[in-house]
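This report covers a single chain and its ligand. It begins with the ligand site and then turns to the chain as a whole and to two selected residues.

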Amino acid sequence: MKLHDARTATSLGRWLGLAIAVCFVTGVTSHYLQHPPDWLAGSLPSRPAWGYRLTQGLHVASGIAAIPLLLAKLWAVYPRLFVWPPVRSAVHALERLSIAVLVAAAVFQLFTGLLNIVQWYPWPFSFVPVHYAVAWVLIGALLLHLAVKAPDIAAHWRARSPGTLALPAEDAADRRSLLLGVGAAVAAVTLTTVGQSFTPLKRLDLLAPRHPDYGPQGLPVNRTAAAARVTRVDVRSWRLTVAGPRPYELTLDELRALPQHEVTLPIACVEGWSKSAHWTGVRVKDLLDLADAAPGAGVRVVSLERRGAYRVMDMGRGYAHDPLTLLALRLNGEVLSPDHGFPARIIAPNRPGVLQTKWVSRLEVS
Ligand SMILES: Nc1nc2c(c(=O)[nH]1)N[C@H]1C(S)=C(S)[C@@H](COP(=O)(O)O)O[C@H]1N2
Ligand SMILES: [Mo]
């Protein structure tokens, strides 16, 4: 039973547990920022501006790091999955059932998460609600597992705990090699992907689906204008419509004549890539003021895009009144390219990329 022992399982398990804990907390954070319940929508924090970039970068990085850790952990414990007799008592049966749920949920989360970052959806359910629900199943099964195994974990947390059965001494060197190998695998998958959001390491970003530099105007694009079926926007007929207590319309030239502000904010995609950029445009707050919106008002943003999950976006008061939140007209010193949302797009601090609506045509005070 070389290395299929509790000491190896504990050594690997604590790193896997840490990765899953980070992944869970950042995942729940992302969920509430993207789909806040009504009571929360108005009070979500728009600062720190880089908050979502950090949490979602960590979410995807910890999920990727968990893959080699989970494989190694399953290898370390697999003989125990085939013990005979399979069930010794009611308690034993329950424990085995919880392990089955734990393994299934962990494999499911890492697999669906990985396919989501390459935007491949070969399953018949929608990713977000299912990935979110199974996260709770996974964390519940993990807490139960930690409780059941608490005595084993305590006994094997250190290499030589007093009062525990001595494990074969000759295994120690092999265990060290195994852990080094797993550590190298985690480092390799992390270093070759984390540059998609941690841009100082972007030159090592060989395996992530996106590279932060590849795209028009130095910024990646998830959904192009062609994919969204936004054809060349006829600027002469385009108007920004603002619905509110005092509704109005603006042409692109009129928008350009309003006070322009420049902000530096990242696009942080839920799929894990992110990149900071310079944006110039009109403050959403100023546009709401022109419509006589109440100070506590939020705004609904509607895109020119006809179909698509991100055509309509709701923005709570905290974001709508933040001086950094713009209806942007320019990106990195140039007029927005069609793929980045020409003629106008939203950019707001501490928000998931999916809510940075492109090709905006309408604002509704809410
Ligand atoms: N109207 C509309 N806006 C959208 C999207 C979309 O599909 N439709 N995609 C969003 C997503 S998922 C991201 S990550 C950002 C990316 O912005 P960029 O393409 O300018 O980098 O745009 C967002 N804005
Ligand atoms: Mo995105």
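## Ligand site

Ligand 1 has 20 residues around it, and those that come nearest are Pro220, Arg223, Glu305, His340 and Lys358. The coordinates belong to a predicted model, and the distances below are computed from it.

Three of these side chains place polar atoms by oxygen atoms of the ligand. For His340, an N or O atom of the side chain is 2.6 Å from an oxygen atom of ligand 1. For Lys358, the distance from a polar side-chain atom to an oxygen atom of ligand 1 is 2.6 Å. For Arg223, the corresponding distance is 3.4 Å. On its own, ligand 1 has 530 Å² of accessible area, and the protein covers 98% of this.

## Chain overview

The chain contains 10 helices and 10 strands. Along the principal axes, its C-alpha atoms fill a box of roughly 80 × 45 × 35 Å.

Of the 366 residues in the chain, 46% count as buried. Among contacts with a separation of 6 or more, 68% are made by residues 24 or more positions apart.

## Surface and charge

The area exposed by the chain is about 18600 Å², of which carbon and sulfur atoms supply 65%. The chain carries 37 positive and 24 negative charges, and the mean positions of the two sets are 5 Å apart.

## Thr26 in helix α1

Helix α1 spans residues 6-34 and includes Thr26. Is Thr26 buried or exposed? Its relative accessible area is 6%, which is under the 20% limit, so Thr26 counts as buried.

Which residues does Thr26 contact, leaving aside neighbours within four places in sequence? They are Thr55, Gln56, Leu58 and His59.

## Ala135 in helix α5

Ala135 sits in helix α5, which runs over residues 127-148. The relative accessibility of Ala135 is 15%; because this is under 20%, Ala135 is classed as buried.

Not counting residues up to four places away in sequence, Ala135 touches Phe24 and Gln109. Ala135 was also paired with Arg311 for a distance: the two are 176 residues apart in sequence, and their C-alpha atoms are 27 Å apart in space.

Note on methods. Residues are numbered from 1 along each chain as its sequence is written. Chains are lettered from A and ligands numbered from 1 in the order in which they are written. This is a predicted model: local features need pLDDT of at least 70, side-chain atom pairs count only at pLDDT 80 or more; totals for chains, interfaces and linings use all residues. Side-chain values use heavy atoms; hydrogens and water are left out. Helices (H or I, at least four residues) and strands (E, at least two) are DSSP runs, numbered from the N terminus. Buried means under 20% relative accessible area, exposed over 50%, partly exposed in between (1.4 Å probe, protein chains only). Contact means heavy atoms within 4.5 Å. Accessible areas come from the Shrake-Rupley method with a 1.4 Å probe; for residues, only the protein chains shown count as cover. Lys and Arg count as positive and Asp and Glu as negative; His and the chain ends are not counted. The place of a charge is taken as NZ of Lys, CZ of Arg, CG of Asp or CD of Glu. A residue is near a molecule or strand if one of its heavy atoms lies within 4 Å of it. A polar contact is a pair of N or O atoms within 3.5 Å; within protein, one must be able to donate a hydrogen and the other to accept it, and residues adjacent in sequence count only if both atoms are side-chain atoms.
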